[in-house]
Amino acid sequence: MNQVSIKDVPRNMRRTGMFLFRSAFMEALHHEKPMCVVHAAHAAEILLKARIAQEHPLLIFSKLPKASPTKDTLTLIDLLENGRTLSYEELPNQLWATTGIRIDKVEQYRAFGRLRNQIIHLSLVNADTREDELTIRYSLEVLDPLVESFWGKSVIDFITNDPYYADDVYSGSLEQSIRNFFEIDQRLRRLLGDASKRAWEHLNAHLNGSYKDATDEEWERWNQSKTSEDWEAEYESFLMSQPENQAKQQAEDAAHWNAFLDSF
């Protein structure tokens, strides 16, 4: 088998899995169900296999091609055509056996897999099942802590570093969407950052009408509560909104995103 290809398998799976994980997470936040369940479970399969494959790519296979008298080496094509990778249900045991890592909430992991199978094979879910909420809870309670323990990166990192989602982050709408499903705990606060909290507070003030109905004195108190970082961020946002700076900002955002991906 080509050694370069073997070396690239875990990283390629890791990136693919995180992109799919990010999509599933955002689908759930936007109430796109039931596919958010399918995509989140698929992402979990790929990401757990990626971690196992770091030990050796062949460890993710439950069935290997038979030896052939006409071939000296096993190729990736052989594996794709005649091999079988481990199933979602089999992965927790293989993860523990090969890496020593246990999935703490393994019953929640398995229950989510059963829900995915129900959707795929029967296209049915119980009427009171909230697939979007279950996906967010599965993501933040099971899969994301596991992924961060593997590689030091979270699905939140893949959202906040992506220029496509910049407006959601800096406007506070990302945090607002998460809060609709999940309490911002210590881990999420670390991942989202204090700037996200301030943006959410500003957004919430708008949504509640406190800007619109505020007196001049209340406006003054609100402005005084802003930190220097808040003022700098607002000024930077204004500057970057000018047409002559947008192309430069887009190039910088793309460079930052590519550097982030290269670090993963």
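**A tour of one helix pair and two loops**

Begin by selecting helix H4 (residues 91-99) together with helix H5 (residues 106-122): in this predicted model, the two pack at an angle of about 140°, and their axes are 11 Å apart. Angles over 145 degrees would count as roughly antiparallel and those from 65 to 115 as roughly perpendicular; H4 and H5 are therefore oblique to each other.

Next, display the side chains at this contact. On H4, select Leu91, Pro92 and Asn93; on H5, select Val106, Tyr109 and Arg110. Sorted by class, the contact of H4 with H5 comprises four nonpolar residues, one polar and one charged.

Move now to the loop between helix H1 (3-29) and helix H2 (35-55), where Pro34 is placed. Select Lys33 along with Pro34: the peptide bond from Lys33 to Pro34 is cis, and its omega is near 10°. As background, most peptide bonds are trans, and most residues other than glycine have a negative phi.

Remain in the loop between H1 and H2 and select His31. The phi of His31 is near 65°, a positive value in a residue other than glycine. His31 counts as partly exposed because its relative accessibility is 46%.

The last stop is the loop between H5 and helix H6 (131-151), where Ser123 should be selected. Ser123 is likewise a residue other than glycine with a positive phi, here near 55°. With a relative accessibility of 61%, Ser123 counts as exposed, the cut-off for that class being over 50%.

Terms used. Residues numbered from 1 in each chain as written. Predicted model: local features only at pLDDT ≥ 70, side-chain atom pairs only at ≥ 80, totals over all residues. Heavy atoms only, no water. Axes fitted to C-alpha atoms, helices over the stretch in contact; angles between N-to-C directions. Helix = DSSP H or I, 4+ residues; strand = E, 2+ residues; numbered from the N terminus. Parallel < 35°, antiparallel > 145°, perpendicular 65-115°, else oblique. Contact = heavy atoms within 4.5 Å. Nonpolar A, V, L, I, M, F, W, Y, C, P; charged D, E, K, R; others polar. Buried < 20%, exposed > 50% of the residue type's maximum accessible area, 1.4 Å probe, protein only.
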